[in-house]
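Visitor: I'm new to this one, and I'd like a close look at a single part. Could you take me through chain B and how the other chains meet it?

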Amino acid sequence: MLEIRWHSRAGQGAVTGAKGLADVVSTTGKHVQAFAFYGSAKRGAAMTAYNRVDDKVVMNHEKFMRPDYVLVIDPALVYVADITANEKDNTIYIVTTHMSTEELIASQPKLAGKKVYTVDCIKIAQETIGKAIPNTPMLGALMKVSDMYDIEFFKESMFKVLKKLPQKIIDANMIAIQRAYDEVK
Amino acid sequence: MADTIELRDIEVWDGNMAASHALRQVQVDVVAAYPITPSTPIVEGYAGFKANGYVDGEFVMTESEHGAMSCCIGAAAAGGRVATATSSQGFALMLETLYSASGMRLPIVLNLVNRAIGAPLNVNGDHSDMYMGRDSGWIQFGAYSPQEAYDLNFIAFKVSEDHDVRLPAIVNQDGFMTSHTAQGVHTLSDEAAFNFVGEYKPMNDMLDLDHPVTHGVQTEEDWHFEHKARQQHALMTAVIPKIEAAFDEFEKLTGRKYNIVESYSMDDAEVAVICMGTSVETAREVAEEMRANGVKAGVVGIRVFRPWPLEQIAAVLKNVKAVGLLDRSSPHGAMGALYNEVAGSLFNTDTKAVLTNYIYGLGGRDLTKAHLVSIFTELKANADAGKPTTPLQQYIGLRGPKLSFF
Amino acid sequence: MEKKGWDGFEIGAMLRTFDGAVQDIATTLPENRPYSQSSSFTASVADWRIEKPLFNKDYCIDCQFCWIYCPDMSIISRDKKMVGIDFDHCKGCGICVQVCPTNPKSLLMFPEQKDEEAALAEWPKKEKKDQSEEPKED
């Protein structure tokens, strides 16, 4: 069982990202689950989304999770959300930030000693898609860090997931995924 | 003729998306709705399919849930295949008309996306609305996952519209935990799905102008009792065999087997929990872990909540020593409904299992695997002692001092 | 109506108007329609009456007001000509008399036991209208 927790702001696309990832993973024969914590949240409020991936049908419906990966797609949530909640010894963090990994850890000491990767998904999204929607680039970074799928296969699969969007937007997303894959450190 | 959609064998759908595709595939004639969280995407989905030519039907946006179900009743009496969806406060507002639908013997399928009922206002999942409708005369199915929310819609239409049944049916799914949780759903082709349910066969429909009928008549003490008795007779005798036949046919079509009462690891179980919704699947996983630790644990899931499967429940619990009844609704002044109904099912049998009641998960509060481990552990102690070692009703997952009764 | 047991009637809170299939029901006269036992057409409410309306065709102008206003469809009219009263369904409410515009009225209320010929024999004559009852223009 692979478990992923997303930290996002409502409107940044964490739910779409989690469902898109589930869609891609499902095509490889694995069983998936994607859900989020909802409430009367407004756009901009901190929220979390989740993925579970397993070789057998996912029957666990508890919201409680000890994540293998924590994906933070908004830079400020490192300081205001409890991103290390219920972590495991080997939980891997991928954080959207303009800082280097060292600078990030210096600014948020509770990440010290953990496996932390950084990538500026906000900037990548702004420069490619034209909006600060950092969900698809984060998936590119996850592919690099986790080595889950070959990046070409992943982009091909995401292309199908996004197929209802205008061609220009799809192309920009593909570039964003590749850039995050290349730039995550 | 509506356009078809080529679905993949496995689609990653949440429960709402699954239900809306089922409504499209059976080509529902009329959906009248007043959308409410978390059920909104079901009727929104149907309206989208209709707007884009994927269904030949009508979507009626009403002024309230009371109006929505009233419109469904009118459309069903006229002779159409009818469905809607609601949740929580919306279901509460619909309640009066639910009794009309069942008393008028109109087949309507209601997707009830289970949500807490305020106050305090809350959009998350518990079974308060499901419990509120339990005496309304509707057949009630329970889905534990998006796959089941999809499958049970087909079963619901088939059974509800059967001329020996002619009773409306509710398909329950957990708000958010199923409705907004995407998982793999094995799909049916549009053709296979439609053929499973078949063309709608009208009965006593108002649009049969050669046989004029008056629907919604008034009766007083001279006739009312006979009408209600006839309704109860159908619900108690016709429905379960028809559901079983539909389950069998569905298994032949899909390989997916459903049962009136679902039992997991119950053959040699010493202790068992009985619950509904997504909790059943989480409990199954925990039961397997308990077995690895030497506790003979099992899980019973209620698939058909109404009509209540009294005999099937008694049969599956025959050799169990301790049972935990998990109610996801505040019983407000009584033991939980599952406790009372299971106790009633066992009382005249030789089974003398220790029964205890757990109230959990109100307003979407998480039911964790750790909670279930502690429940199974308490049940084991009850089984060993041969009597309750805990209060009869306990709240779990609650902050503050331990709350229990009796 | 015979009261059947719980298993003896059709399901649903539903009643059929006619026995069997009907066609062109709008052009079939009520007395020729196959009304079912559950239709109120087959039930008589004659014994509800204390007073009954009687019809004097000498004064009737076939305006159809009585036919329109009768709440129980008890005015029998054929080809827009007033024929008489359906005494199986008339409850004696007197609305037909109230709305009758002729002078004297073509419909008047009499005690239920009143002989029709005697009633016609004593039918009032045309009244001279009082000046004060002339319609006012305003």
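Guide: Here is a walk through chain B, from its inside out to its neighbours. This is a predicted model, in which local features need pLDDT of at least 70 and side-chain atom pairs count only at pLDDT 80 or more, while totals for chains, interfaces and linings use all residues. Residues are numbered from 1 along each chain as its sequence is written, and chains are lettered from A and ligands numbered from 1 in the order in which they are written.

Let's start with the domains. Chain B is assigned domain 1 (10-186 + 218-254) and domain 2 (261-405); such bounds come from an automatic or database domain assignment. Taken over C-alpha atoms, the centres of domain 1 and domain 2 of chain B are 27 Å apart. Where they meet, domain 1 of chain B brings 27 residues to the contact and domain 2 of chain B brings 21 residues. Here, two residues are in contact if their C-beta atoms, placed from the backbone, lie within 7 Å. On the domain 1 side, α5 (128-132), β6 (139-142) and α8 of chain B are the elements that give two or more residues. Helices (H or I, at least four residues) and strands (E, at least two) are DSSP runs, numbered from the N terminus. α8(B) gives the most to that side, with five residues. By class, the domain 1 side that touches domain 2 of chain B holds 14 nonpolar, ten polar and three charged residues. For those classes, Ala, Val, Leu, Ile, Met, Phe, Trp, Tyr, Cys and Pro count as nonpolar, Asp, Glu, Lys and Arg as charged, and the others, Gly among them, as polar.

Now for a sheet in chain B. Seven strands form an open sheet with mixed pairing, in the order β10-β12-β11-β14-β15-β16-β17 (chain B). β10 (261-264) and β17 (404-405) of chain B sit at the edges with a single partner strand each, so one side of each has no neighbour in the sheet. Two strands pair if DSSP finds at least two bridges between them. Take β14 (residues 322-327) and β15 (residues 354-359) of chain B: they pair in the parallel sense over six bridges. You can spot Val323(B) opposite Leu355(B) in β15(B).

Helices pack here too. α11 (residues 337-346) of chain B packs on the sheet and touches β11, β14 and β15 of chain B, with its direction at about 140° to that of β14(B). α9(B) lies across β10, β11 (271-275), β12 (297-302) and β14 of chain B, and runs at about 170° to β12(B). For these angles, axes are lines fitted to C-alpha atoms, for helices over the stretch in contact, and angles run from 0 to 180 degrees between N-to-C directions.

α9(B) also leads us to chain A. There, 19 residues of chain B are in contact with 19 residues of chain A. On the chain B side, β1 (10-13), β8 (182-186) and α9 (278-292) each supply at least two residues, and α9(B) gives the most, with five residues. That side of chain B divides into seven nonpolar, seven polar and five charged residues. Strand β2 (residues 31-36) of chain A runs antiparallel to β8(B), and two bridges join them. Look for Ala34(A), which stands opposite Ala182(B) in β8(B).

Then there is chain C. In this case, 18 residues of chain B are in contact with 15 residues of chain C. β9 (213-215) and α8 (224-254) of chain B are the elements that give two or more residues to the chain B side, and the largest share, four residues, comes from α8(B). So α8(B) turns up again, having also given the most to the domain 1 side that touches domain 2 of chain B. The side of chain B that touches chain C has five nonpolar, seven polar and six charged residues. Three bridges join β9(B) to strand β1 (residues 14-16) of chain C, and the two strands run antiparallel. Thr214(B) stands opposite Leu15(C) in β1(C).

Last, the three chains together. Of the two pairs of chains in contact, chains A and B share the most contacts. Chain A and chain C do not touch, and their nearest C-alpha atoms are 41 Å apart.
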